[in-house]
Structure formats: structure tokens, C-alpha cells
Amino acid sequence: MSVIYILLTMSIAIAILFFIAFIISVKNGQYDDSYTPSVRMLFEDELVKSKTEKPYKKYSDKILKKEKRTQ
Amino acid sequence: MDSNKCYHCGDDCINNSIKIDKKNFCCNGCKTVYEIFSSNDLSYYYDLQPAAGSTPKVVEGKYDFLDIAAVIEKLTEFNDGNVQIVNLHVPHIHCSSCIWVLENLNTLNPFVINSEVDFPKKTVRITYNSEGISIKNLVILLSRIGYEPYISLDDYDNNKKSIDRSLIYKLGVAGFAFGNVMFLSFPDYFDLSSNAASGGEFWLNEYQVIFRWLMFVFSLPVVFYAGWDYFISAYKGIRSKILNIDVPIALGIVVLFLRSTIDITFDLGSGFFDSLTGLIFFLLLGKFFQQKTYSFLSFDRDYKSYFPIAVTRITSEEKEETTQVHAIRKGDRLLIRNEELIPVDGTLLSSTARIDYSFVSGESEPVLKKVGEKIFAGGKQLDGTLEMIVQKSVSQSYLTQLWSNSVFQKDKNSKFQTLTNSIGKRFTITVLSIAAIATAFWLYYDPSKAMNVFTAVLIIACPCAISLAAPFTLGNMLRIFGRKKFYLKDTQTIEQLAQIDTAIFDKTGTITTLQKSTASYEGMPLSDAEESLLKNTIRASNHPLSRSLYDILSQQNIVTLDEYEEHLGKGVEGSKDENHIKVGSADFVGGELHFDALTTSVYISNNNNYKGRYVFHNQYREGVSEVFKAMSKTLDLAILSGDNEGEKARLEKLLPKLTPLYFNQKPEHKLEFIKSLQEQDKKVMMIGDGLNDAGALAQSNVGIAISENINVFSPACDGILDASKFQQLYPYINASKKAMKIIKLSFILSLLYNIIGLYFAITGQLQPVIAAILMPLSSISVVVFATVMTSILGRKIE
């Protein structure tokens with residue numbers, strides 16, 4: 001019957017493990033905003049490709065090229 | 001979608017709507033945002049939520065202060081080399097479209113590394129490469145797509161606030177221990193009749209000790225960490241000679257813990273650890289439930305939330321430079337742009353200025369100031385730019401001095417005794433005397449049981465259910481009110497609201513609405529041609545009075561004017577055929593002057609012949625008369641207005657007879673007025689809106705701010721009422737009175753459980769399992785009762 005000691009230690013160890021996980025997640029602010037993630041998870045890459053020019057993109061490409069050249 | 005609505009912001013396209021891609025836009029601003037989105041693959045924005053946008057405002061020069069290194073340092077959360085993180089409050093965040101577009105900011109600008117929206121707080125946290133995009137350009141980018149962040153002096157002064165999460169930790173500890181202790185004490189529940197002496201279950205007898213000491217270990221953090229607040233509160237109460245409800249709770253916890261420890265040490269029984277951990281867990285649950293916060297609202301705003309961080313100073317070399325508000329000294333020359341707030345007191349250098357003091361004084365109409373006149377902090381410049389010489393620094397200005405009043409330092413809640421605490425005294429005395437009598441009785445009959453009975457009485461009488469009644473009733477009411485757009489700071493406000501016997505109203509912005517106004521015409525009738533010309537002349541003017549007059553005038557065909565000119569701060573003129581019309585101030589139009597400064601009028605002349613004037617009236621909120629009529633039955637009412645007496649006659653007609661009306665009240669007068677009422681033992685509710693009411697709102701027992709837009713501009717208060725729900729104010733007050741009745745009924749219910757428990761305790765039959773059943777049962781039934789009753793109550797109010 002002394003197997004109960006092992007069982008007790010294991011069960012309590014697992015419980016404490018989850019408890020620590022809970023404390024860490026609270027500390028990291030996971031429960032501060034409980035709404036936005038629920039909306040965010042429904043988004044995908046919904047960028048609508050259009051034929052028009054993209055002024056910003058062009059600009060950023062230029063800068064990237066420039067950086068490559070200087071390196 | 002309605003074809004007349006703007007595709008971007010959903011407003012009506014009143015005149016000259018702009019069409020692009022077969023879509024309507026109300027103005028160029030909206031069209032530009034659409035173009036930005038559609039050319040950057042972000043047009044999904046409109047699929048997600050139609051017409052979610054807002055019209056971008058002109059921000060020329062407004063954010064120049066974001067170039068100052070010290071300001072950047074204060075505003076950013078993280079600033080290391082190229083990478084900066086800033087957390088901006090964006091009031092317009094309101095739907096999933098907003099989240100989506102703000103989190104896709106990097107498609108608009110590749111130097112934005114990451115952006116994350118916190119929807120309940122309405123903030124967006126942006127990580128960006130400061131080499132590619134400065135914070136100023138970032139803010140301008142946000143403004144250009146209609147998400148203008150709100151940056152005020154408040155952000156500058158207290159940047160990093162730490163969040164208090166201790167209650168969640170405590171709840172976690174208590175819940176964790178409660179669950180484990182329940183499991184460990186389970187075997188005992190099934191072995192009631194037997195014990196080690198009479199045989200019993202073999203393995204239970206064998207391992208009883210280890211089970212019990214494990215429970216003891218689990219209860220340690222619960223008592224000494226999770227429940228520690230109750231000891232502190234009880235100690236504070238006793239020291240200030242108040243027996244609050246925490247005294248019997250703390251007593252119960254101590255007795256539970258000591259008796260259980262003694263029980264298991266001397267093998268007298270299994271102890272009450274299950275009840276002990278359960279009790280603290282339920283109590284903390286109640287506290288947690290009560291803690292409903294509206295993270296997007298702020299109830300403790302002072303002038304800092306309204307003031308800009310920096311203004312434009314003109315140096316001695318006639319150069320413009322951006323200066324932080326704190327750095328402004330007496331004698332500085334400042335440049336205040338259109339729509340900017342004047343941050344300090346000073347004298348006017350420009351020839352004229354039109355300043356809107358509605359913020360400060362409650363005066364609804366802008367004041368015309370001439371060169372050399374004094375202008376005060378808190379005013380908003382309306383026409384063009386002005387220059388001024390600083391007379392006083394920010395903290396010494398007239399408006400900001402209001403905040404040095406001691407009212408703002410006091411904590412309102414500490415003075416108020418809640419219903420729960422007020423019965424705490426009687427409860428404690430009763431319980432202690434029952435315990436004493438029962439112990440005395442048993443000392444006489446069977447001294448061996450006396451200690452057992454004494455502790456059992458204190459354990460079973462622990463007022464867990466009583467202290468849960470108020471948090472759950474009021475916490476639920478708080479949520480119901482929140483859904484009905486009545487946002488209260490905390491549950492105590494509901495209790496205070498139920499006790500109100502006097503209600504004081506501000507006038508401008510509180511019982512009048514700022515969104516609509518009415519006007520009546522006095523003078524010679526206008527011909528059709530003149531009326532058409534009038535409407536077409538003011539069509540192009542953006543002045544608020546022109547806009548409201550334009551809405552009032554009947555529909556006219558749009559004609560092209562031969563001539564049109566707008567004179568800033570004076571009026572507009574236009575001509576068509578042989579008519580030349582002038583619309584504006586009396587000086588400008590040159591008509592016979594009606595020198596009653598009490599009303600606001602727009603004068604009209606045709607070919608320099610004075611025709612007449614439109615007199616503007618305050619538009620009272622719908623149902624003001626009914627609200628006052630209903631409230632006057634049970635409450636004393638009064639109006640305190642910072643405005644002049646111009647509306648007195650109309651108000652008297654509108655309100656119940658003999659309602660006291662006070663005009664020309666300065667902010668500190670309002671505060672004193674409330675104070676004097678309170679000295680006569682009145683429980684005063686103040687309903688106001690502007691900064692000028694801030695003192696009165698803080699002094700009153702319950703200060704309610706009325707707000708057309710709950711996200712911006714409401715002074716420090718106990719509650720914020722959405723302006724559209726103004727008519728519901730009285731039902732809300734009545735609902736809070738009923739909520740208090742529900743609490744009282746819950747008290748009776750929980751006392752019934754206490755009486756049953758006391759029967760077991762006094763007769764010396766209290767087994768741990770009875771306590772373990774009775775305590776959660778009473779708590780849960782009280783919680784269910786309170787929740788169900790408040791939900792029924794909530795359904796009744798509109």
C-alpha cells in the first residue's frame with residue numbers, strides 16, 4: 001500500500017506544476033486582455049491584392065536594395 | 001448599404017459627395033483613407049465591418065512636440081537604439097476592422113515591426129524601427145488613416161503604471177489549495193460512523209495522518225497569504241474602534257485554523273481544512289467579481305488628461321520652437337493654433353481671438369477677446385492662430401489651482417460605511433454573546449465539550465454568505481448598468497447612489513446637448529432669392545454657427561455665387577446677381593445692435609441694409625422636463641450653471657416649479673455649494689460634464705459625468721452616463737435602491753443558514769462534514785439568489 005506515497009507525490013507534483021504555469025501566465029499578462037486574441041485568431045492573411053501601384057512598398061524595396069548595396 | 005452613406009465613415013453625404021470606384025465618400029479625408037487602404041491591399045477593412053472608419057482630422061504642426069528627445073523618452077516604453085516601443089491610446093478603436101487594420105500597420109509602413117491592439121483598453125502597442133519612421137511620423141500615419149491617438153500631459157507624467165494582479169494570485173492559491181484539500185478529505189467523508197478505535201476502513205486508518213498533515217500544509221499559504229487581507233482589515237477596524245464585517249471573518253479563519261491544527265495534532269478529528277480553504281476561496285471570488293473595471297474609461301482624470309504635452313513658443317529671434325508645457329515660464333510668448341488648448345493664463349497679443357471656455361466655465365458660447373485682455377488656461381482657440389504672453393506657469397494657473405483643493409486628495413470611499421460593514425458590528429456582538437452563553441452552559445453541564453462548542457459557534461457563524469451578498473449583487477448591478485451605458489467606478493457607488501436625496505445639475509452640456517441647436521428668426525422677412533443666397537453663402541463656411549444654421553434653413557438649390565469671402569472671426573459675405581449678403585457678428589454686418597449679450601445671434605444684411613438676425617437657443621436634451629418631474633417627487637433638485645442668465649425664463653418653463661436655479665457659478669462656487677449642502681446632512685449627487693464641474697463632482701457623494709462620447713473628455717467622477725441614456729437616470733437610481741433591498745434579503749437568507757448551523761454548534765454536534773456542506777451551500781444559494789434577483793431587476797430597466 002505504500003504505493004500511495006508515490007501516487008500522492010506525483011499527483012501533487014503535477015498539480016503544483018500546473019499551478020506554477022498559471023502564475024507565470026498571469027505574470028506575463030496573458031489575462032490582461034481577454035478579448036482581442038479571440039478576434040485576432042479569426043484573421044488570416046486577408047490582404048486584397050490589387051493591380052494599383054503600392055507607393056510604400058516601392059519605397060521600402062528601394063531602401064532594402066540600397067542597404068544591400070552599402071553592405 | 002445605403003448609397004447616400006459614406007463608404008468609409010458611414011455619415012450622410014450631405015453635399016457634393018465624392019465618388020470613386022463607384023463608392024460614395026462624404027469628404028476628401030475619407031476618400032484619402034480609402035485610397036491608402038485600397039492601394040495597400042487593406043480593403044478587407046471594409047468587408048470586415050462596413051463603414052467602420054472615422055474622418056481624419058488635419059494635424060498640421062500638431063505633433064511637432066514629438067520631435068523633442070525628452071518627450072520621446074517619456075512616451076516610449078522601450079527605447080534602445082533603433083527599436084522603440086510605444087503604447088498609444090486610440091479612442092476610435094471600436095470594432096474588429098480596427099483591430100485588423102491596426103495590426104496590419106506594417107503593410108502601410110515597412111518600418112513598423114509589430115503592432116498589437118488591446119481592445120478593452122483601446123490601446124495599440126507599436127514596435128517600430130526609429131531609423132525608418134519617427135514617432136511623430138507614426139502618429140501622423142495613424143491620424144491619416146483616421147486613428148488619431150490621444151496624447152496628453154497625463155501620458156507624459158505617469159508613463160509606466162504597474163498592474164496590480166495580487167487578487168488573481170491569491171484567488172489562484174486559494175482555489176488550488178481548496179481543490180486539493182477537498183480531494184484529500186474525501187476519504188473521511190465516507191467514513192463518518194467509524195474511527196480507528198471501532199475498526200473502520202483499514203487503509204484510511206493507516207494513512208490518515210499523512211492525509212491530514214498534507215491538508216495542513218495546503219492551508220498554510222491560504223491563511224497566511226490569500227486570507228491575509230482579512231486580518232489586516234480586521235486589525236485596522238478594531239484599532240479605529242469599528243467592528244467591520246472582516247472582524248468575524250478573521251476570527252472565523254483563526255479559530256478554524258487553530259482548532260483544525262489542534263484536532264489533527266492530538267488526533268481528535270480530521271479538522272476543518274476543507275471549510276477553511278473553501279471559505280477563503282469563496283470570499284476572494286466575491287472580491288474578484290466585484291472588481292469590474294472599465295479599462296477603457298478613466299475615472300480619475302484631472303486637467304493633465306486634457307492638456308497638451310507641448311506648445312509652440314516664439315523665441316526672442318522670432319523663431320517658432322516646440323516647448324514642453326512644464327517648461328513654460330512667465331513672460332514667454334506662445335503661439336496657439338486653431339482648435340488648440342491654451343495651457344496657461346496670459347494676456348492676448350493678437351488683435352482678436354475667439355475662445356471657447358465651455359471646458360472651464362460651462363459657458364456655451366465662445367468669448368471674443370481683444371488685444372491686451374486676459375485669457376485663461378483651458379480655453380480653446382477657435383478662429384485661426386493667436387499669440388499670447390504667459391503670466392503664470394501651468395500649476396499656478398486659475399483652472400489648475402482648482403486641483404490643489406483638498407477635495408482631490410481625499411479618498412471618498414474611506415469615509416463611507418457600506419451596508420455590509422454596518423451590520424458587521426451587530427453581527428459580531430451577537431455571535432460573541434451566543435458563543436459565550438453556549439460555552440457557559442456547557443461548562444456547567446459537561447466541561448469537556450465547552451471548548452468544542454465555543455470554537456464550533458465561531459466557525460459556523462463566520463459570515464461568509466453575508467459578505468458575499470453585497471459583492472455579487474452590486475457586482476452584477478455594475479455589469480447590468482455597464483450594458484445600459486451607465487458606467488460606475490465601483491460597487492460602493494451603487495450603495496451611495498441608493499442613499500441620494502439631493503441632485504444638482506450643471507446646465508451646459510448636461511441638460512443641454514452640444515450636438516443640436518435651434519434658432520429663431522427676428523426681423524424683416526427674407527425674400528426667396530435672399531434665403532437661397534443665405535443658404536448658399538453659409539454652405540462653404542465651416543464655422544459651427546454656420547453649420548448649425550445651414551441645417552436649420554430649408555432646402556435650397558445649389559447655385560454658384562458670384563462672389564464669396566469669409567472673414568475669420570467676423571462672418572461671411574456672398575453675392576449673386578444684384579444681391580450682396582453679409583452674415584455674421586453685429587459689428588461686421590453693421591445692423592442695429594441688439595445689445596443683449598445673453599443670447600447668441602447671427603446677423604444678416606442685404607446690400608448693407610440690416611434685415612434681421614437668427615437667435616440661437618440651447619437645445620435641451622430630450623425628456624429633460626420629464627426627468628426633472630419624476631425626480632422632484634423624491635429628490636431635491638437644483639441647477640448650477642456657469643453660464644449667464646440668458647436661459648432663465650426658458651428653464652423655468654421647462655422644469656418643475658420652484659426648482660432653484662443658480663447662474664454665473666464659478667468652479668469653486670459649485671464645490672462650496674455642494675459642501676454646504678452636505679453640512680446640512682444632505683446626500684448629494686452632482687451631474688455635470690466639464691472640467692468646471694470637476695470640483696463639485698469630487699466633493700459630492702456621487703459625481704456623475706454626462707458624456708456624448710464616453711471615450712474622451714470626462715472629468716474625475718464616480719460614474720459616467722452616456723448622454724443618450726439621460727432619460728434613464730431616475731430609473732437607474734431606483735434600480736440601485738432595489739439592489740440594496742436584494743442585499744438585505746440575501747442577509748436574511750444567509751442568517752437562516754447560520755441559525756441551522758448554530759443549532760449543530762451549540763448542541764456540540766458539529767462534525768467537519770456538516771460545516772463542509774453548510775458553508776458552501778449557504779454561500780452558493782446566496783450567490784444564486786443575488787444573481788437571479790439582479791438579473792430580473794436588470795431586465796426591468798430599459
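Ser778(B) counts as buried because 25 C-beta neighbours lie inside 10 Å, and the cut-off for that class is 20 or more. The model is a predicted one. Ser778(B) belongs to helix 27 of chain B. Leaving aside neighbours within four places in sequence, the contacts of Ser778(B) are Ala465(B), Ser750(B) and Tyr753(B). Of these, Tyr753(B) stands 25 residues from Ser778(B) along the chain, yet the two C-alpha atoms are separated by 6.1 Å.

Ser11(A) gives a contrasting case. Ser11(A) sits in helix 1 of chain A, which covers residues 3–27. With 12 C-beta neighbours inside 10 Å, Ser11(A) counts as exposed, since that class takes residues with 12 or fewer. Gly29(A) is 18 residues away from Ser11(A) along the chain, and their C-alpha atoms are separated by 28 Å. Chain A as a whole has three helices and zero strands, and its elements run α-α-α from the N terminus on. Of its 71 residues, 0% count as buried.

The two C-alpha separations are set out below.

| Residue pair | Places apart along the chain | C-alpha separation |
|---|---|---|
| Ser778(B) and Tyr753(B) | 25 residues | 6.1 Å |
| Ser11(A) and Gly29(A) | 18 residues | 28 Å |

**Helix pairs in chain B**

Helix 27 of chain B (residues 768–796), the helix of Ser778(B), also packs with helix 12 of chain B (residues 273–290), their axes coming within 9 Å and crossing at roughly 15°. The two helices are therefore roughly parallel to each other, as angles under 35 degrees fall in that class. Helix 12 of chain B passes helix 27 of chain B in a left-handed crossing. On the side of helix 12 of chain B, the residues that meet helix 27 of chain B are Asp274(B), Ser275(B), Gly278(B), Leu279(B) and Phe282(B). Their partners in helix 27 of chain B are Ala771(B), Ala772(B), Met775(B), Pro776(B) and Ser779(B). By class, the contact of these two helices has six nonpolar, three polar and one charged residues.

A second pair is formed by helix 15 (residues 419–445) and helix 16 (residues 447–460) of chain B, whose axes come within 8 Å and cross at roughly 165°. That angle makes helix 15 of chain B roughly antiparallel to helix 16 of chain B, because angles over 145 degrees are classed in this way. The crossing of helix 15 of chain B with helix 16 of chain B is right-handed. Helix 15 of chain B contributes Val431(B), Ile434(B), Ala435(B), Ala438(B), Thr439(B), Trp442(B) and Leu443(B) to the contact. From helix 16 of chain B come Pro447(B), Lys449(B), Ala450(B), Val453(B), Phe454(B), Val457(B) and Leu458(B). The residues of this contact divide into 12 nonpolar, one polar and one charged.

**Nonpolar cores**

Val457(B), one of the helix 16 residues in that contact, is also one of three residues that touch the most other members of the largest nonpolar core. The other two are Ile280(B) and Ala469(B), and the core has 187 residues. Helix 26 of chain B (residues 729–762) supplies the largest share of this core, 12 residues. Not counting residues up to four places away in sequence, Ala469(B) touches Ile743(B), Ser746(B), Phe747(B), Ser750(B), Val782(B) and Ala786(B). Apart from the largest core lies another, of 16 residues, including Leu533(B), Ile538(B), Tyr550(B) and Phe616(B).

Definitions and conventions:
Residues numbered from 1 in each chain as written. Chains lettered and ligands numbered in written order. Predicted model: local features only at pLDDT ≥ 70, side-chain atom pairs only at ≥ 80, totals over all residues. Axes fitted to C-alpha atoms, helices over the stretch in contact; angles between N-to-C directions. Helix = DSSP H or I, 4+ residues; strand = E, 2+ residues; numbered from the N terminus. Parallel < 35°, antiparallel > 145°, perpendicular 65-115°, else oblique. Left-handed = near helix turned anticlockwise from the far one by under 90°. Contact = placed C-beta atoms within 7 Å. Nonpolar A, V, L, I, M, F, W, Y, C, P; charged D, E, K, R; others polar. Core = buried A, V, L, I, M, F, W, Y, C linked by C-beta atoms within 7 Å.
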